[in-house]
Amino acid sequence: MSFYRDEFTARSAAVRVRFGAGIRKAVAEEIGALGASRALILTTPQQAAMADEFAALCGGAAVGRFTGAAMHTPVDISEQATALARDLGADVLVSVGGGSTTGLGKAIALRTDLPQIVVPTTYAGSEATGILGQTENGVKTTLTSPKVQPEVILYDAELVTSLPVGMTVTSALNAMAHAAEGLYARDRSPLSSLMAVEGLRAFRDSLPAVMARPGDVAARGQTLYGAWLCGTVLGQVGMALHHKLCHTLGGSFDLPHAETHAVILPHALAFNARAVPDLLAPVSDLFGHGDPGLGLWHFARDAGAPLALRDLGLKEGDLDRAADLASANPYWNPRPVTREAIRALLGAAWAGNEPAI
């Protein structure tokens, strides 16, 4: 099918992207190319050992490390890390990890305008965008700014070979959500739609291979290719119902980010497919079902992804409040959103039922 439109606007950020097994070893070269010499290395507590590895790779350019990155980018942690960056006189940030670490780097860049080198270890895709989500007082808000767009991304397949299969699946579905919602975005372009379909195809083809052989570097490389494509879509077009629901559940109920995306995506697509079946037809074609939501639900189930919000820690008594929060402020979506519809969607997702069609 053709994605051509008579009128459209396409956006593309100036980002240097490098793929390759072992490409992380070029981090010192990239620091120099940015004209920088004082790198602050960022990770989560769980990946603190990786900060040591990257300090060695950066050599004399490594002036410090902050290993406190946390899910949903809490503002208080960002302020602590920003203070450290200023105290050290850092002139570049090296963010190693998934969405939590990338978000922290962006939060520091927002406050300091420091350049960022991101080395992803999951498929979150945030590294390809100028979007930052931050959480304060139990509320997650997002902003878009050129200041938070990373300047360099190093996709090293060797770094994701040890990613557990369960995390691989949920992280992949998190990335796929960007592409799927991008297909019906109000500001979509032929280029964003082409990248969305190619990103979804890359994950459809590579994820089963990774599940069968987690250490397969070639298959892992293809998943990173999919992550970059899906993340680039996220950076070019606006999102809708799916992302609104996930931000509500993550920011207000502290549900795990990737797992929440994995559960909600099939339900959001099934809901919107009633309004834009033509725009979601590529998802139906890729996943072999007339309804894109059901096709993706079966793909997720077969991959062993979580299917129920209750398994992520959401209580049934929280569903009404979640529906209230997700419908409190109007936002664009291809199908009109009502509080009742959101409550029904969340109820099905909570129970782990197939999405309604």
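## A walk through the model, starting at Ile-77

Select Ile-77 to begin: this residue is buried, with a relative accessible area of 17%. Keep in mind as you click around that you are looking at a predicted model. Ile-77 sits in helix 3, which covers residues 75-88. Now show what surrounds the side chain. Leaving aside residues up to four places away in sequence, Ile-77 touches Phe-66, Gly-68, Ala-70 and Leu-104. For a distance to try in your viewer, pick the C-alpha atoms of Ile-77 and Ala-107: they are separated by 9.6 Å, with their positions 30 residues apart along the chain.

**Next stop: helix 5 and helix 7**

Colour residues 165-182, which make up helix 5, and residues 217-236, which make up helix 7. Two packed helices are described by the angle between their axes and the distance between the axes. Here the angle is about 40 degrees and the axes are 8 Å apart, and helix 5 and helix 7 are therefore oblique to each other. Their crossing is left-handed.

Which residues of helix 5 and helix 7 meet? On the helix 5 side, select Thr-168, Ala-175, Met-176, His-178, Ala-179 and Gly-182. On the helix 7 side, select Arg-220, Ala-227, Cys-230, Gly-231, Val-233 and Leu-234. Sorted by class, this contact has 7 nonpolar, 4 polar and 1 charged residues.

**Two residues of helix 5**

Stay on helix 5 and zoom in on His-178. Is His-178 buried or exposed? At 4% relative accessibility, His-178 counts as buried. Its contacts, again not counting residues up to four places away in sequence, are Ala-124, Cys-230, Gly-231, Val-233, Leu-234, Met-239 and His-243. You have just selected some of these, including Cys-230 and Leu-234, in helix 7. Then try His-178 to Leu-200: 9.5 Å from C-alpha to C-alpha, and 22 residues apart in sequence.

Now go to Thr-170, also found in helix 5. Thr-170 is buried too, with a relative accessible area of 5%. Show Ala-258, Glu-259, Ala-262 and Pro-306, which Thr-170 touches when residues up to four places away in sequence are not counted.

**Last stop: the aromatics**

How many aromatic pairs does the structure hold? There are 4 aromatic pairs. Pick out Phe-19 and Trp-228, an edge-to-face pair with 5.8 Å centre to centre and 75 degrees between the planes. Phe-19 lies in strand 1 (residues 16-19) and Trp-228 in helix 7, so this pair ties together parts that are 209 residues apart in sequence. Phe-19 counts as partly exposed at 36% relative accessibility, and Trp-228 is partly exposed as well, with a relative accessible area of 24%.

For another pair, select Tyr-123 and Phe-203: their ring centres are 5.8 Å apart and their planes are at 70 degrees, so the pair is edge-to-face. Tyr-123 lies in the loop between strand 5 (116-120) and strand 6 (131-136), while Phe-203 lies in helix 6 (residues 190-212), so the pair ties together parts that are 80 residues apart in sequence. Tyr-123 is buried, with a relative accessible area of 0%, and Phe-203 counts as buried at 0% relative accessibility.

Before you close the viewer, go back to Phe-19 and Trp-228 and add Tyr-155: these residues form one aromatic cluster.

Conventions:
Residues numbered from 1 in each chain as written. Heavy atoms only, no water. Axes fitted to C-alpha atoms, helices over the stretch in contact; angles between N-to-C directions. Helix = DSSP H or I, 4+ residues; strand = E, 2+ residues; numbered from the N terminus. Parallel < 35°, antiparallel > 145°, perpendicular 65-115°, else oblique. Left-handed = near helix turned anticlockwise from the far one by under 90°. Contact = heavy atoms within 4.5 Å. Nonpolar A, V, L, I, M, F, W, Y, C, P; charged D, E, K, R; others polar. Phe/Tyr/Trp six-rings, centres within 6.5 Å; stacked < 30°, edge-to-face > 60°. Buried < 20%, exposed > 50% of the residue type's maximum accessible area, 1.4 Å probe, protein only.
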